[in-house]
Structures are given as structure tokens and as C-alpha cells.
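Biologist: Could you take me through one part of this protein in detail? I would like to look closely at how one helix packs against its partners, and then see a little of what surrounds it.

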Amino acid sequence: MFASLAHAAEVEVENAWIRAPEYCSFFSRPLLMMIWLLLVSLGAGILIGAVGIGGILLIPALNVLGGLTIHQAMATALFTFIFTGAIGTFSFQRRGSIDWSITAPLCLGAAIFGFLGAWANAKIDAYILSLILSSIIIFAGIYTISTHSLARPAILQGRPGLQQAFLVGIGAVVGFGSGLTGVGGPALSVPMMILFGFSPLTTIGASQVIQILAGISGTAGNMQYGSINFNLVTILTIFEVIGVQIGVRIVHAVNAQSLRRYVGVLCILVGAGLMMRALGLF
């Protein structure tokens, strides 16, 4: 009898270990998996600094390599984006690469409608919207690649008042879509701004600031449910921040046409990934 109880207890401990990886410490994880996770974090940081989009890669990595649930992975990744956004904003601003006349109205719309998107997330089915958003991102990527050699002015160029109102609208779509689907702000803002003719460098600079807003608003809700894995946050953030610094150097070293092409390819990949996620393929 005691032997069977001991065996049952042993099985329960093993099952608890599997079900609750968030309680495991960093050093107890398999070394090889942690190395891969840190490499993904570094790569995500490089992409965040170079093209604005990249943090989305961290979520499946935390799920597969870190043993977190999707919700925990999203919450943990979103928390780290506060710091990558802050470092990215500082680095771009120091190089004079953030146009605040474009960034400010974009962030205003995102901040207001991000909360509405998070509220709607609990009320409606985001399946259709996820498909629409992923289709827009793919289209923007294809459009960007097909026209990367054609210089054209941003929409409503020369009409600053209307352009800023339009940017508030873009920010509203970005904030609402981010809150509703869990997709990071830059994954939506970068392709949309490129689609409407804004320069890649200006677009990527603005995406650094949007990261901060998305991270803070999303984390405010996640903190209430204790879904952030603080055992991983510090080491992941360190590697992401190092990556951001590398990415910022890269983006300021390449020419605009090459950068536009790279952003286009990444938009297609991100859009395809989001569509597969919406369809339940991974």
C-alpha cells in the first residue's frame, strides 16, 4: 500500500513538473534547449532593431523550447518588448531616425484603441480578423517587394494635418488588431506604413516606440493573472537588447532599397505565420 502511494506521489510530482514549467528555475532547464532559446532571443532582438518585426518569433520559441503555454509565452515576450522598445527608441532617436510628427499620432491611435482591442478579445471571435490582418500583411510584403525600386511620396504628403489624422487611424487599426489578436504592434504598423509610402527607416523608428505602448498595455493585464515567467525574463531581455543594438547598426548601414526589400520579405513570412496560426496549423 505504502509502495503504491509512494509511486503515485512520484508520478504526480513528475506530472506537476510537466504541467508547470513556469516554476522551474533557469538553470534546471536542459542546457541545449536554453542555448537555442537564447539564440532565438538574440535573433529576435536583431530583427526588432533592424526591421521592427521580430519579437513574434520569440513566442513559439518560448512555447517549444521554454515549455511555456502559448498564453504564458505571449505574456512573457510582451513584457520583454517594453525594454527592447525603450532601447530601440533611444538608439534611433540618438541617430535622429525618429520622426515624431509621424510617430506621435500613430502612437496616440494605438494607445487608445489597444485597450478596446483587448476588451474585444474577450467578447468576440478574432478568427476572421486574424485572417484579414494576416492577408493585409502578406499583401503589403508583396507590394513592397514589387515596388522596392520605385520611390513615391507618403500618402497625403504636403498636407500635414490630414496626414496626422490618417496616422491616428493607422495607429487605431494597429492598436485594436494587436489587442484583439495578441500580435505585437510593429508586426502590423510596419507593413501598413510601408504600404502607404512611408520610408522604411521612419517606419522602423516609429515601431520602436509602439513596442513600448503595446508592451505596457498588454503587461498591465497580464500582471493580474500572474502569467509572466519572471525566471526567464531577465536573461531573455539581456540577449534581446544586445540583438537590438546589433540590428540598429545594421539598419543604418544598408541602403533604403535593400531595406525595403528585406522588410517586404519579412512581412510575407510574418503574415504567412499569422495566417497558419489563425487556421490552427501550429
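Modeller: Happy to; what follows is a walk around helix α10, with a short visit to a loop and to one helix residue elsewhere in the chain.

Please keep in mind that this is a predicted model. Let us start with the setting. The protein chain has 11 helices and 0 strands, and along the sequence its pattern reads α-α-α-α-α-α-α-α-α-α-α. Of the 282 residues in the chain, 46% are buried. If you take the contacts with a separation of 6 or more, 82% of them are between residues 24 or more positions apart. As for the outside, the chain exposes about 13600 Å², and 73% of that comes from carbon and sulfur atoms.

Now to α10 itself, and to its meeting with α4. Helix α4 covers residues 70-94 and helix α10 covers residues 230-251; their axes come within 9 Å and cross at roughly 30 degrees. Angles under 35 degrees count as roughly parallel, and α4 and α10 are therefore roughly parallel to each other. Their crossing is right-handed. On the α4 side, the residues making the contact include Phe-79, Phe-81, Phe-83, Ile-87 and Phe-92, along with Thr-76, Thr-80, Thr-84, Gly-88 and Ser-91. From α10 come, among them, Phe-230, Val-233, Leu-236, Val-241, Val-244, Val-248 and Val-251, and also Thr-237, Glu-240 and Gln-245. Sorted by class, the contact of α4 with α10 holds 12 nonpolar, 7 polar and 1 charged residues.

Helix α10 also meets α2, which spans residues 31-51. Here the axes come within 6 Å and cross at roughly 40 degrees. That angle makes α2 and α10 oblique to each other. The crossing of α2 with α10 is right-handed. Its contact residues divide into 17 nonpolar, 5 polar and 1 charged.

Next, the loop. Ile-155 sits in the loop between α6 and α7. With a relative accessible area of 28%, Ile-155 is partly exposed. Setting aside neighbours within four places in sequence, Ile-155 touches Gln-163, Phe-166, Phe-196 and Phe-198. Phe-198 is 43 residues away from Ile-155 in sequence, yet their C-alpha atoms are 7.6 Å apart.

Leu-156 belongs to the loop between α6 (127-146) and α7 (160-181) as well. Its backbone deserves a look: the phi of Leu-156 is near 60 degrees, a positive value in a residue other than glycine. Most residues other than glycine have a negative phi. The relative accessible area of Leu-156 is 26%, so this residue counts as partly exposed.

One last stop is Ala-104, which lies in helix α5, residues 100-121. Ala-104 has 41% relative accessibility and is partly exposed. Along the chain, Ala-104 and Ala-206 are 102 residues apart, while their C-alpha atoms are separated by 8.5 Å.

To put the α10 picture back together: α10 runs roughly parallel to α4 and is oblique to α2. If you open the model yourself, you could begin with the α4 side of α10, where Phe-79 and Val-241 are among the contact residues, and then turn to the α2 side, where the axes come within 6 Å.

Methods
Residues numbered from 1 in each chain as written. Predicted model: local features only at pLDDT ≥ 70, side-chain atom pairs only at ≥ 80, totals over all residues. Heavy atoms only, no water. Axes fitted to C-alpha atoms, helices over the stretch in contact; angles between N-to-C directions. Helix = DSSP H or I, 4+ residues; strand = E, 2+ residues; numbered from the N terminus. Parallel < 35°, antiparallel > 145°, perpendicular 65-115°, else oblique. Left-handed = near helix turned anticlockwise from the far one by under 90°. Contact = heavy atoms within 4.5 Å. Nonpolar A, V, L, I, M, F, W, Y, C, P; charged D, E, K, R; others polar. Buried < 20%, exposed > 50% of the residue type's maximum accessible area, 1.4 Å probe, protein only. Areas by Shrake-Rupley, 256 points an atom, 1.4 Å probe, with all protein chains shown as cover.
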